[in-house]
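Biologist: I would like a close look at one part of this protein, explained in plain terms. Please begin with the whole and then turn to the part.

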Amino acid sequence: VFLLHGVTGSGKTVVYMEIVEEMLNRGKDSIFLVPEISLTPQMVYHFKSRFGDEVAVLHSRLSEGEKYDEYRKIKNGKTRIVVGTRSAIFAPLKNLGLIIIDEEHDESYKQENDLCYSAIDVSLLRAKECNCKVVLGSATPSIEDMCKAKNNKYNLVVVDKKYNDENKASVELIDRKDTSLFTYSTIFSLE
């Protein structure tokens with residue numbers, strides 16, 4: 001288990017996709033979990049842009065027919081990457097090599113009605129069964145997982161720099177006393 005503690009904008013998504021590609025090269029399948037459905041389209045876009053038809057999507061807002069189609073593609077080995085919310089942890093991949101849980105600190109990974117489970121706990125069990133890797137990623141890891149990393153139960157990977165730091169916005173302080181730089185109706189300078 002790896003805990004990827006990366007500041008916001010550190011490029012965790014790029015790291016995730018590199019690891020998934022390495023798994024594909026090794027003939028292994030991957031599951032990528034996001035904490036909520038609203039984040040799924042963005043991640044699906046990134047993954048499908050890079051991996052095309054290798055990507056299946058699973059979440060509760062799919063229609064029954066869409067879920068069935070995605071499930072069949074996964075079960076028949078037509079896709080090797082599953083992107084989705086917590087229930088995607090149950091995807092029937094044949095050769096699971098990697099499970100990534102983005103924003104691992106998020107409480108939405110816990111199902112608390114009907115069948116109660118934690119997607120993180122299930123991922124750890126599946127990893128043990130399949131002898132696969134788990135990557136827990138967050139800019140603000142849970143206290144429990146940081147403690148496990150500090151006690152060497154998890155491998156801690158820290159990324160404390162932004163990914164594309166050279167594109168950072170420049171900041172210039174302007175003296176508000178110089179009224180020639182401002183119009184009467186705005187607080188923003190003309191420069």
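Of the 191 residues of the protein, what percentage count as buried? After that, which residues of helix α1 are buried, and which elements do they pack against?

Modeller: This is a predicted model, in which local features need pLDDT of at least 70 and side-chain atom pairs count only at pLDDT 80 or more, while totals for chains, interfaces and linings use all residues. Residues are numbered from 1 along each chain as its sequence is written, and side-chain values use heavy atoms, with hydrogens and water left out.

Of the 191 residues, 39% count as buried. Buried means under 20% relative accessible area, exposed means over 50%, and partly exposed lies in between, with a 1.4 Å probe and protein chains only. The protein has five helices and nine strands. Helices (H or I, at least four residues) and strands (E, at least two) are DSSP runs, numbered from the N terminus.

Now to α1. This helix covers residues 12-25, which makes 14 residues. From its first C-alpha to its last it reaches 20 Å, close to the 20 Å expected at 1.5 Å a residue. The expected span is 1.5 Å times one less than the number of residues. After α1 comes G27, whose phi is positive, near 80 degrees.

The buried residues of α1 are K12, Y16, M17, V20, M23 and L24. Seen down the axis of α1, they fall within an arc of 135 degrees, so they line one face of the helix. The arc is that of the directions from the helix axis to the C-beta atoms. An α-helix has 3.6 residues a turn, so residues three or four places apart point the same way.

What does this face pack against? The buried residues of α1 pack against β1 (2-6), β2, α2 (40-51), β4 (81-84), β5 and β8, where contact means heavy atoms within 4.5 Å.

V20 also belongs to a nonpolar core of 19 residues, which includes L4, V44 and F47 as well. A nonpolar core is a set of buried Ala, Val, Leu, Ile, Met, Phe, Trp, Tyr and Cys residues joined through side-chain atoms within 4.5 Å. This core is separate from the largest one, which has 26 residues. In that largest core, I31, L33, V82 and I99 touch the most other members.

L4 has another link, to strand β9 (residues 155-159), where V159 lies. V159 touches L4, H5, G6, V7 and S10, not counting residues up to four places away in sequence. The C-alpha atoms of V159 and G6 are separated by 4.4 Å, although the two residues are 153 apart along the chain.

Back in α1, E18 forms a salt bridge with R50, the closest N and O atoms being 2.8 Å apart. This pair links distant parts of the chain, with E18 in helix α1 and R50 in helix α2, 32 residues apart. A salt bridge is a side-chain nitrogen of Lys or Arg within 4 Å of a carboxyl oxygen of Asp or Glu. Side chains of opposite charge can pair when their charged atoms come close.

Are these two partners buried or partly exposed? At 43% relative accessibility, E18 counts as partly exposed, and R50 counts as partly exposed at 31%.

For contrast, D29 and R80 also meet in a salt bridge, at 3.2 Å, N to O. There D29 is buried, with a relative accessible area of 6%. The count of salt bridges comes to seven.
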